[in-house]
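This report introduces the structure shown below to a reader who has not met it before. It proceeds from one strand pairing to the sheet, the core, the two chains and the DNA.

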Protein chains: 2
Amino acid sequence: MRKIDPKRFQIAKRRTSREINRQIALTLIRTHQPVSRADLARLMGTRRGAASVLVNELMEEALIFEGAIGEGGGRGRKPTFLYIDSRERYVIAVDIRATRTYLMATDLMGKPLVGITNFPTNRDVDALIAELSKRIKSIVADHQSNATCQGVGVVVPGMTDHGSGRVLHAPTLGWRDVDLKDALAAATSLPVQIENSGRACALAQVWATRGGGHEGNLVFVSVSDGVGVGVVINGEIVRGRYNIAGEFGHVPISVDGPRCSCGATGCWEAYVSNLATLSRYFGRNQNDSKPIPAENATFTVEDLISRARNGDAKALAALQSTARYLGLGLASIVNAVDPGRIYIGGEIIAAWDLIESAVRAALAERALTAPAGRTEIRTVSVDEHPRLRGAAALLAAPAFAAPMVA
Amino acid sequence: MRKIDPKRFQIAKRRTSREINRQIALTLIRTHQPVSRADLARLMGTRRGAASVLVNELMEEALIFEGAIGEGGGRGRKPTFLYIDSRERYVIAVDIRATRTYLMATDLMGKPLVGITNFPTNRDVDALIAELSKRIKSIVADHQSNATCQGVGVVVPGMTDHGSGRVLHAPTLGWRDVDLKDALAAATSLPVQIENSGRACALAQVWATRGGGHEGNLVFVSVSDGVGVGVVINGEIVRGRYNIAGEFGHVPISVDGPRCSCGATGCWEAYVSNLATLSRYFGRNQNDSKPIPAENATFTVEDLISRARNGDAKALAALQSTARYLGLGLASIVNAVDPGRIYIGGEIIAAWDLIESAVRAALAERALTAPAGRTEIRTVSVDEHPRLRGAAALLAAPAFAAPMVA
DNA sequence: CTTAATTTGTCCCAAGTAGGGACATATTAA
DNA sequence: TTAATATGTCCCTACTTGGGACAAATTAAG
């Protein structure tokens, strides 16, 4: 039961029905390929004739193509299989991080076309855009003969306004109100979409062919230098009025807890970020604002995990402590949003076997009901590159999205 | 950009376009009435002919009716105004609370037909249903000649499964897994809808003719014996996988804080519920589980507020303390969901002038950005009966809802 | 008082959509 | 070789919006 907004509605035009069914057909081909026209008609609950018309339209636009004749189990004419045409269109995914920027090109199915490359992030925006557009143009030039670039999806570790394409605040980059979208679009002559990394990771999961969560509801939690969270409800990313929706990293565990980078105290992030875990290992008071001693400055969570695996009790204790707080925070997410599935990513996931039971115990402890306490948790390892896949989805996904209607 | 769920989609049928435009027209008549066919065509951006067809269909179904000829400012033929027909259909709203149950009948616009009546809540479900259906049948009998009852909306202080119509857990009523919907439907022979009170209050606000929040995003916070929260995103109530979405009352302020009725510690509810405010006034340790002394058992928050107004510094301090925690919890809601508007209801709202600045200060303190810290807050007083209006909306709203499509 | 301008609401036909069935084609089992 | 069955195409019907013509109603201007 959705309310029709009397100020922002879309009436049904002559083409609307077709657009709806066309997008459904495209989505079904994407998720079920290889699939025949007759299969499609069965899946859609319509006649083969109607499905054929949609298929022909999609083929004319080169969004799908006819592949080989399939083997149809029993007797009867064999089906001609349909596939998403991932040859003519591709998108470029960019993941800007504090120290390095990563770059990739994928087809509309999210399959990489060229491997991931990376270069040091220049915090000077103009310089970064220059470097980025140079590399983007090079990719475009290489593919000019075969396919056309649909645009560039950029993921940033910070608050973004997806609509205007501005980076509102990215602490680790030192950016504040930076117009990234228009500048990059001008430099590359390509459509550009900007998004916060947590949300992009969540988007990558909704648009993944398999799974995606319970009826389009899921949350992605990324534990790294900070804690980024992306929330998807009814198949749509939740951005909020002031673009801060999903910032569970700054919902408190204890308001009197350790100071957080955001200025407040006791935020979830201050308990579970990589820095918090490392601080715990070095036995520092969490309220201590002094920098970590130089000799430990290059010590990472990965190092800590390997020490824990090698029997360092203090390292294991630090991880366990983080695990407990991680679970407590997940309980807040479950009680607030109750997604049917939570994805967790970040360096600490490499130690998931060590921390899972503590995380689940803490989640069960504070979740309001027992079933909610058993909410499905899926880990996403670092080498699945969820941020880059999300960046690609920023441009690939709209081709399959439901039309705005009513 | 919404994902099409490849398992649960709705293809566009021949009637789909009409259904979409019909519901838009109905919504526009509801929000803009009185309105002429020509006005409607202008609002919808379509031809007068198309609007006329929709209007005729709606009139045949007696959902709208033609009223008096209007005064059309300039020259030209005068318009015939259209109105939602609130004479032929009505709904019954029921608010079951711990001690008393409230009953009301409204038309489809939410205007009360018969005044609010109430009776003591019998915690024995069968007895309550018997009493309730007796009173419902009496209302139906009184209106048999004029109009037909569309159904009964019931609001319960506890967790509900709106789909199955079961009350999962209502602590104050001592109910657990009670099949209220089917039992009441059988007893009254009317369609019945069940919902949690926080969500129903939120629904009442989305469906209010004026306002409703920023693009269908809002949160309703009800502070009473417990803290109920209803979340609306994209014009739709968020219920979650296990029906606990929106339980911000059990998101912690400090995990080591006072014990909450849910069994956990430091929940927001344990800081801001009426009981918490009263405990503070009586100078009790918040972890104290002993009942409040008998001589104070009938002392309410209203009494506390009047003492505060009469210069009782301790009462004022208790309110101020609650106000601060209220603001801190609102900050969690803003950081998590970022609705453009928050509605607050409950007995403590009678003291809003005393607590507003403390609430806003705490909200601004922890909200992630300054604009988010200034998120619009609207109070809903007890005598607006948001729960009953929400109960009515449970049945009235679907008549205006957007059709499920794509 | 008459006329022109303007607004409203209706009607009709064109364009475009899904619904339904007939049909040729292709393939296998009997 | 034949019957059965599955696929994909085609055509007509039903129903929708798009667009314009038109009568009725009303006011402003002359």
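## A strand pairing in chain A

In this predicted model, A:Val221 has A:Ile344 of β14(A) as its bridge partner. The strands concerned are β11 of chain A, residues 218–223, and β14 of chain A, residues 341–346, which run parallel to each other and are joined over five bridges.

## The sheet around it

Strands β11 and β14 belong to an open sheet of five strands in chain A, arranged in the order β13-β12-β11-β14-β15. The pairing within this sheet is mixed. In general, the strands of a sheet pair through backbone hydrogen bonds, in either a parallel or an antiparallel manner.

The edges of the sheet are occupied by β13 (236–237) and β15 (376–380) of chain A. Each of these has a single partner strand, so one side of each remains without a neighbour in the sheet.

## The nonpolar core

The largest nonpolar core comprises 256 residues, and the members that touch the most others are A:Val154 and B:Val154. Leaving aside residues up to four places away in sequence, A:Val154 touches A:Val94, A:Ile96, A:Leu180, A:Leu184, A:Val192, A:Ile194 and A:Ala391.

## How the two chains are related

A turn of 180° with a shift of 0.0 Å along the axis lays chain A on chain B with an RMSD of 0.1 Å. This is the relation of a two-fold axis. Within chain A, the C-alpha nearest the axis belongs to A:Ser254, at 1.7 Å from it. Both copies use the same surface, in that 100% of the contact residues of chain A recur in chain B.

## The contact between the chains

Chain A and chain B contribute 71 residues each to their contact. In chain A, the helices α1 (16–32), α10 (313–337) and α12 (370–373) each supply at least two residues of the side that touches chain B. The most is given by α1(A), with nine residues. By residue class, this side of chain A divides into 39 nonpolar, 21 polar and 11 charged residues.

## The surface near DNA strand D

DNA strand D is surrounded by 31 residues, the closest being A:Arg37, A:Gly49, A:Gly76, A:Arg77 and B:Arg75. Both chains take part through elements that give two or more residues: α2 (37–44) and α3 (48–60) from chain A, and α1 (16–32) and α3 (48–60) from chain B.

The surface near DNA strand D consists of six nonpolar, 12 polar and 13 charged residues.

Definitions and conventions: Residues numbered from 1 in each chain as written. Chains lettered and ligands numbered in written order. Predicted model: local features only at pLDDT ≥ 70, side-chain atom pairs only at ≥ 80, totals over all residues. Least-squares fit on C-alpha atoms with pLDDT ≥ 70 in both. Contact = placed C-beta atoms within 7 Å. Helix = DSSP H or I, 4+ residues; strand = E, 2+ residues; numbered from the N terminus. Nonpolar A, V, L, I, M, F, W, Y, C, P; charged D, E, K, R; others polar. Near = placed C-beta within 6 Å. Core = buried A, V, L, I, M, F, W, Y, C linked by C-beta atoms within 7 Å. Buried ≥ 20, exposed ≤ 12 C-beta atoms within 10 Å, placed from the backbone. Pairing = 2+ DSSP bridges.
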